[in-house]
Each structure stands twice: as C-alpha cells, then as structure tokens.
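Here's an informal walk through one structure, from single residues out to packing and interfaces. Have a look first, then read on.

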Amino acid sequence: MLQIKNLHASVEDKEILKGINLEVKAGEVHAIMGPNGSGKSTLASVIAGKEEFEVTEGEVVLDGENLEDVAPEERAHKGVFLSFQYPVEIPGVSVTNFMKTAINEGRKAKGLEDMPANEMLKLIREKSEMLEIDRKFLSRSLNEGFSGGEKKRNEIFQMAMLEPKLAILDETDSGLDIDALRIVANGVNKLKSKDNAIIVITHYQRLLDYIVPDFVHVLHNGKIVKSGGKELALELEEKGYDWLKNQAVV
Amino acid sequence: MSLKEKLISSFMAFENNVDVDHPVHEVRSEAMKNFEAKGFPTKKEEAWKYTSLNNLQKIDFSIFPKEVNALEYREVKKYFINEIDTYKIVFIDGIFSSNLSETTHDGVDICLMSSALNKPMYKQIIDVYFNKVASKDESLTTLNTAFSKEGAYIYIPKNKMPKKPIEILHFATGNEATLMLQPRNLIIVEENAEVQIIERHQSLTTNEVLTNTVTEIFAAKNAIVDYYKVQNDAANASLIDNTYINQKDKSVVKVHTFSFGGKLTRNNLNFYQNGEYIDSTMKGVTILGDKQHVDHHTLVHHIEPNCESHQDYKSIYGENSTGVFNGKIIVEKLAQKTNAFQQNNNILISDKATINTKPQLEIFADDVKCSHGCTIGQLDEDALFYLQSRGIPKKEARALLMYAFANNVLESVRIPELKTRINKLIANKLGVNLGFDL
C-alpha cells in the first residue's frame with residue numbers, strides 16, 4: 001500500500017529525513033519509535049503532504065502512485081489520515097460542522113452527492129458512542145478549550161468518521177490517562193481491517209500493549225536504524241535508545 | 001465648480017422647497033454656515049488621516065434627482081429580509097416610495113422625517129430631539145443637517161415594541177448619472193420600549209452614488225435598540241454614515257455593521273452614555289476585496305458611573321482593499337466602575353491590502369476596567385494544513401477559517417433570518433459553499 005523509498009526531506013534547508021525506506025502493506029500495523037528530534041513527526045507530516053517540508057530526494061508511493069505534487073486534501077481523499085500530535089484549535093467551527101464539511105468534500109472528490117443529513121447524524125452518533133464522546137462535545141468549537149485527552153479522542157473520532165486506508169497516529173497516546181488510552185486504542189482496533197494499515201508513532205511501549213504492531217522501526221537522526229517485530233518495542237523499553245544510537249554510527 | 005461650491009449654491013434652491021419659517025430651518029442655516037466654513041474634511045485632520053474624500057469631490061454629483069423614479073417590488077425584493085414580515089421605509093433616489101413601504105401609526109410611529117418636520121403634531125418632539133445629539137461641529141454631519149428633509153422617523157412610546165422589525169432601505173436607480181443623497185433619520189425609543197432596525201443603502205447600477213447620512217437615536221431608560229447596518233453596496237456607491245446615540249439609564253443599544261461592499265465607506269458611530277448601568281455594543285464584520293475602502297470610527301463617551309461598552313470588529317481584507325479602525329473611548333472622571341472592552345482583529349489575505357488600526361483611550365476615572373486589543377495577521381498555516389489533511393481543499397479551508405473568524409460577531413444578531421442572510425453573504429463574499437447549513 002505505502003512504499004517510502006530513500007526519502008530525504010528538509011525544512012528551511014535543514015535536512016531532517018536522511019533516507020527512509022519503509023513498506024507498509026494492507027492489514028499491517030507498524031510502530032515507529034525513536035528519541036525526540038529523530039524525525040518521527042516530520043515523517044508523518046511528509047506522508048500527509050505538509051508543504052513546509054521539502055522532499056529533496058526519494059519518494060512516497062501510495063498504491064503505486066507517487067504522491068509528489070499531490071495536495072494534502074487529495075491525499076486525504078485517497079485515504080491518508082494523520083492524527084495530529086498537536087491538533088489545531090479552530091474557534092467558530094463546531095466539531096459536527098467540521099466533520100460534515102470534511103465528509104462531504106471527500107464525497108465531492110469522488111463525484112458523490114452530499115451525505116443525506118439523517119445518515120450523517122446516524123454516523124456521527126455511532127462513531128461518537130464508540131469513542132464514548134459526549135453529545136455536547138460535538139457542538140463545541142473544534143478543539144477549542146479541549147483537554148489534551150479530549151483532543152486526541154477527537155482525532156480518533158475523525159479517523160472513525162473518515163475511515164482512512166492509511167492512518168498515521170502521531171503520539172496519540174501523549175496526554176491520555178489510562179482509561180482514555182484504552183478507549184482510544186479500542187477505537188483504533190475496531191477500525192483495523194485487512195484492507196487498511198496503521199502507522200503508530202510513539203515514545204512508549206504502553207500504547208503498543210493495546211495496539212499490537214506487526215513491525216517496529218526505530219528512527220534515529222532521520223534514518224531507520226533498526227526494524228523488528230513487536231518484541232523490539234519491549235527491548236527498547238528496557239534498554240532505552242542509546243544502544244541503537246551506537247549501532248547507527250557503526 | 002467644486003462639490004462644496006455646488007452644495008452651497010444648491011442650498012438656496014433647497015430653501016425654495018422647505019418651510020423656511022419652521023424653527024428647524026434655523027438649525028439648517030446654522031449648520032450650512034458651519035459646513036461653508038469647514039468644507040469637506042481633509043487628510044490633514046487626524047480623524048481623516050487614512051480616508052480621502054478628494055476623488056469623490058471630483059465627481060459632479062447631482063444634489064437633487066431630476067424626477068421621481070419608481071421601482072417594482074419584484075425588482076428589489078432580494079434586498080429586503082423577505083423571509084419575514086417587516087415594516088418598511090423605502091426611498092428611491094432619496095424620495096419616499098409609498099408603494100414599496102409599509103409604515104404605521106398604530107401605537108408607534110414608523111414613518112417619514114418629512115412628516116415629522118412638517119406636521120404640527122410632531123413639533124414638540126422635533127423641538128426636543130432633532131439635532132440634539134448629532135454634532136453641530138463635524139462638517140459632514142452639519143452638511144446633512146443643512147439638507148435635512150427626508151429620512152426615517154421612528155417613535156416608540158413608553159412600554160411599546162413594534163410587532164415586527166423595521167427595514168430602512170435607500171435605493172439609487174441609476175437613472176441619474178450621478179447622485180448625492182443625504183437621508184436624515186430620527187429614532188426615539190422611550191422608557192421600556194424596544195425596537196429592531198435594519199438599514200441598507202443599495203445602488204442598482206454602477207453609476208456614482210454618494211450618501212451622507214445622519215441617524216440620531218435616543219434610547220430612554222430601560223430601552224432596547226438593535227440596529228443592523230448592511231453595507232453591501234454596488235461598486236461605485238460610497239457611504240458616509242454618521243450615527244449618534246444618546247442613552248439613558250439601563251438602556252441597551254447594539255449596533256452591528258456588516259461591511260461587504262461599496263467603494264468608500266466611512267462609519268462614524270458615536271455613543272453618549274447619559275445615565276447609569278448602560279450597555280453600548282458595537283460589532284462589525286468587514287470583508288473587502290478589489291480597491292474597496294472601509295473606515296470604522298467609533299466613539300464611546302462614558303459620562304456616568306457603572307456603565308459598559310463592548311466593541312468587537314473583525315475584518316478580512318483581500319486584493320487592494322484598505323481598512324481603518326479607530327476606536328475612541330472616553331471615560332469621564334465621574335464614570336467610575338466603567339467596563340469598556342474593545343477588540344479589533346484583522347486578517348490580510350493579500351500582500352497589497354492595508355489596515356490601519358488604532359485604539360484611542362482617554363481615561364479620567366481611576367476605578368475602571370478598560371481593555372483593548374488589535375491583531376493583524378494572515379491565516380494560520382497549521383490550521384490550514386489541519387483542515388486540508390481532513391480532505392477540505394485549500395480554498396474551502398481558507399474560507400472556513402475566515403468564516404469561523406467572522407462568525408462569533410454574529411452570535412448577538414437577534415433576528416435569525418437576518419443572521420442567516422449575513423452568514424450567506426459572508427460565505428458568498430468568500431466565494432465558497434461551506435458544506436453545512438448556515
């Protein structure tokens with residue numbers, strides 16, 4: 001589904017990704033771990049198409065199509081979803097109206113009519129119940145005054161509404177208490193299928209107890225320095241990243 | 001002949017058509033003297049630093065329409081809030097249109113300034129209120145006073161509220177190549193009375209129109225006034241709006257100004273708080289493009305203690321448009337426990353757009369809360385990416401952000417159909433369908 005080949009990306013002439021190779025197939029869950037500043041969030045933003053980052057070499061290919069020059073909204077229409085580490089507050093637009101706009105723009109791109117209002121309402125109700133989101137919450141301005149945990153839960157609610165093919169969860173576990181973590185992880189697991197794929201970016205093993213990865217990759221200094229199965233995450237939890245940093249030099 | 005000279009000579013012709021023995025005519029003559037001495041304001045004056053009337057003065061405006069023009073309702077229906085029933089005071093090229101209007105004398109007076117000025121039964125009220133809060137010094141106000149003859153006259157007696165909102169509409173047909181209009185409105189809302197008014201100036205062609213209007217509003221004790229100004233005029237229509245509001249104890253006056261169109265618009269909005277526990281609210285949404293220019297000058301004069309004022313102006317400037325916000329708050333020594341808030345937020349969506357914004361606070365009391373803030377910015381790139389990443393195209397995402405930015409100003413609009421209209425105007429002005437019901 002997703003192939004990342006020798007990806008180099010810079011922001012303001014500072015190279016952050018220095019040759020990433022990654023292949024994600026349908027039905028797989030990949031975890032990307034690594035210390036602060038290793039390039040995890042940059043990788044997520046580059047896949048989602050943030051223009052601030054310049055791809056200087058290599059490519060991101062989704063279902064055989066090179067995503068270079070594909071706008072972020074078109075990537076979303078093709079099924080890419082990024083759960084933001086820091087979701088943006090948008091006063092003046094309610095969660096519900098935001099979702100209606102997003103869903104209908106997606107349908108428009110596929111040449112479909114707007115989703116009928118009752119169908120939309122039903123979908124919103126179903127997905128918000130799954131994530132144990134209060135009805136009142138949906139009429140509030142998007143992310144405005146939300147707690148860290150509410151923001152993350154709202155991100156997964158959006159993911160549930162949009163049903164992406166490829167979901168990238170950028171530190172979705174940060175700011176969540178253990179109960180919220182379980183709700184969010186359960187939500188993600190319910191959305192998992194053989195046709196979609198998930199990339200989980202995290203610092204900690206904790207989330208991976210709930211969303212069990214098929215592969216774990218360690219990112220350091222803009223490169224994947226080690227890949228393995230889920231046991232690699234446990235090893236990292238135990239040893240920290242230092243032993244891998246040394247490996248990278250070698 | 002300059003426009004000033006033309007106006008001075010026209011005043012003599014004007015005098016042939018009004019009752020010069022009426023005491024009001026003395027007021028007019030005094031006002032004319034003031035205008036003759038001062039002329040049009042220039043950029044040398046602080047209050048007109050960013051708004052030049054030079055180009056308008058180069059136009060050879062007709063001061064009076066040559067003939068009475070008519071319009072059919074269906075031609076202009078869309079300019080009314082036709083979803084609801086309203087009283088209507090309608091003028092075509094400055095002349096009252098009885099067939100488009102719906103006035104009343106049933107418990108309240110919703111009628112014409114010309115009647116109020118001419119009929120003996122209104123004499124007492126005119127003596128007490130006419131030109132009593134409007135400036136006798138500001139040149140454009142005095143120019144209007146000199147030519148004051150027609151406009152809306154609204155009198156709401158104690159404890160009354162009209163059954164429906166009132167629309168004041170001025171149409172310019174374009175049958176005149178150029179036209180200058182000077183409507184004069186007088187609105188008196190007595191104790192415990194309430195009124196909702198929507199005012200609109202609409203040119204129907206691209207011919208040059210200049211409107212210099214004066215509105216005097218008197219809100220007595222506990223009166224509630226909601227005044228909505230819809231400024232979405234044609235490309236060659238300019239408006240100078242001078243509004244003066246006198247408030248008594250516990251009255252609540254809210255003025256919303258929606259500026260989306262026209263060539264040059266200058267709003268002089270002046271509140272005088274002559275009582276305690278008064279609430280004065282000014283809100284504005286301005287969305288401009290092309291070479292449009294809008295200048296909002298507000299004044300709140302806190303004279304007595306325990307009063308509040310709230311100002312919230314949000315503006316979006318595109319293309320070569322220019323904007324001005326100047327918010328003056330005076331808190332007199334007596335006016336302790338004043339709460340005065342002022343907010344002006346601007347988004348520039350073009351490199352060529354300009355905004356000049358200035359708070360002007362003169363505070364002589366020591367126990368007051370005054371806050372003011374102005375921001376000038378572009379749209380937040382992170383917010384844009386966030387919306388795009390959810391599949392909302394950049395253009396729509398920008399519009400949604402701008403809509404959201406302007407939206408909270410509309411919360412205080414108390415006529416739902418008007419709110420919907422304004423919402424649609426905003427969406428339309430931003431050039432997109434927002435994807436949800438407004």
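E231(A) is a fair place to start: with 9 C-beta neighbours inside 10 Å, it counts as exposed, because 12 or fewer is what that label takes. This is a predicted model, so everything here is computed from predicted coordinates. E231(A) sits in helix α8 of chain A, which covers residues 231-239. Compare its place with that of D170(A): the two are 61 residues apart along the chain, and their C-alpha atoms are separated by 21 Å.

A few other acidic residues can be looked at in the same way. E126(A) belongs to helix α4 of chain A, residues 117-130, and it is exposed, with 11 other C-beta atoms within 10 Å. From E126(A) to M161(A) is 35 residues along the chain, and the C-alpha separation is 9.3 Å. Over in chain B, D382(B) is part of helix α8. Buried, exposed or partly exposed: which word fits D382(B)? With 13 C-beta neighbours inside 10 Å, D382(B) counts as partly exposed. D382(B) and T51(B) lie 331 residues apart in sequence and 35 Å apart in space, C-alpha to C-alpha.

Here are those three pairs side by side.

| Pair | Apart in sequence | C-alpha to C-alpha |
|---|---|---|
| E231(A) and D170(A) | 61 residues | 21 Å |
| E126(A) and M161(A) | 35 residues | 9.3 Å |
| D382(B) and T51(B) | 331 residues | 35 Å |

Now for some backbone angles. Most residues other than glycine have a negative phi. D13(A) has a positive phi of about 65° although it is not a glycine. You'll find D13(A) in the loop that links β1 (2-11) and β2 (14-24) of chain A, and it is exposed, with 7 other C-beta atoms within 10 Å. Chain B has a case of its own: D290(B), also not a glycine, shows a positive phi of about 50°. Its loop runs between β14 (279-288) and β15 (293-302) of chain B. With 12 other C-beta atoms within 10 Å, D290(B) is exposed too.

On to helix packing in chain A. Helix α3 (residues 95-109) and helix α6 (residues 148-162) of chain A have axes that come within 11 Å and cross at roughly 35°. The crossing of α3(A) and α6(A) is right-handed. Which residues do the meeting? On the α3(A) side they are V95(A), M99(A), A102(A), I103(A) and G106(A), and on the α6(A) side N154(A), Q158(A), M161(A) and L162(A). By class, that contact has 6 nonpolar, 3 polar and no charged residues. M161(A) has come up before, as the residue whose C-alpha is 9.3 Å from that of E126(A).

What about the two chains together? Between them, 20 residues of chain B are in contact with 24 residues of chain A. On the chain B side, the elements giving two or more residues are α8 (381-388) and α9 (394-407). The largest share, 6 residues, comes from α9(B). The residues on that side divide into 10 nonpolar, 6 polar and 4 charged. D382(B), mentioned above, is found in that same helix α8 of chain B.

Chain B itself is assigned domain 1 (3-274) and domain 2 (380-438). Their C-alpha centres lie 32 Å apart, and 13 residues of domain 1 are in contact with 10 residues of domain 2. For the domain 1 side, the elements that give two or more residues are β8 (194-203), β10 (224-231) and β12 (252-259) of chain B. β12(B) has the largest share there, 3 residues. That side of domain 1 has 7 nonpolar, 3 polar and 3 charged residues.

Finally, the interior. The largest nonpolar core has 183 residues, and the members that touch the most others are I168(A) and V189(B). The largest share of this core, 9 residues, comes from α9(B). Why does the core lie between domain 1 and domain 2 of chain B? Both domains give residues to this core, so it lies between them. As for V189(B), leaving out residues up to four places away in sequence, it touches I156(B), V195(B), F218(B), A219(B), A220(B), A223(B) and V225(B).

Key: Residues numbered from 1 in each chain as written. Chains lettered and ligands numbered in written order. Predicted model: local features only at pLDDT ≥ 70, side-chain atom pairs only at ≥ 80, totals over all residues. Axes fitted to C-alpha atoms, helices over the stretch in contact; angles between N-to-C directions. Helix = DSSP H or I, 4+ residues; strand = E, 2+ residues; numbered from the N terminus. Left-handed = near helix turned anticlockwise from the far one by under 90°. Contact = placed C-beta atoms within 7 Å. Nonpolar A, V, L, I, M, F, W, Y, C, P; charged D, E, K, R; others polar. Core = buried A, V, L, I, M, F, W, Y, C linked by C-beta atoms within 7 Å. Buried ≥ 20, exposed ≤ 12 C-beta atoms within 10 Å, placed from the backbone. Domains from an automatic or database assignment.
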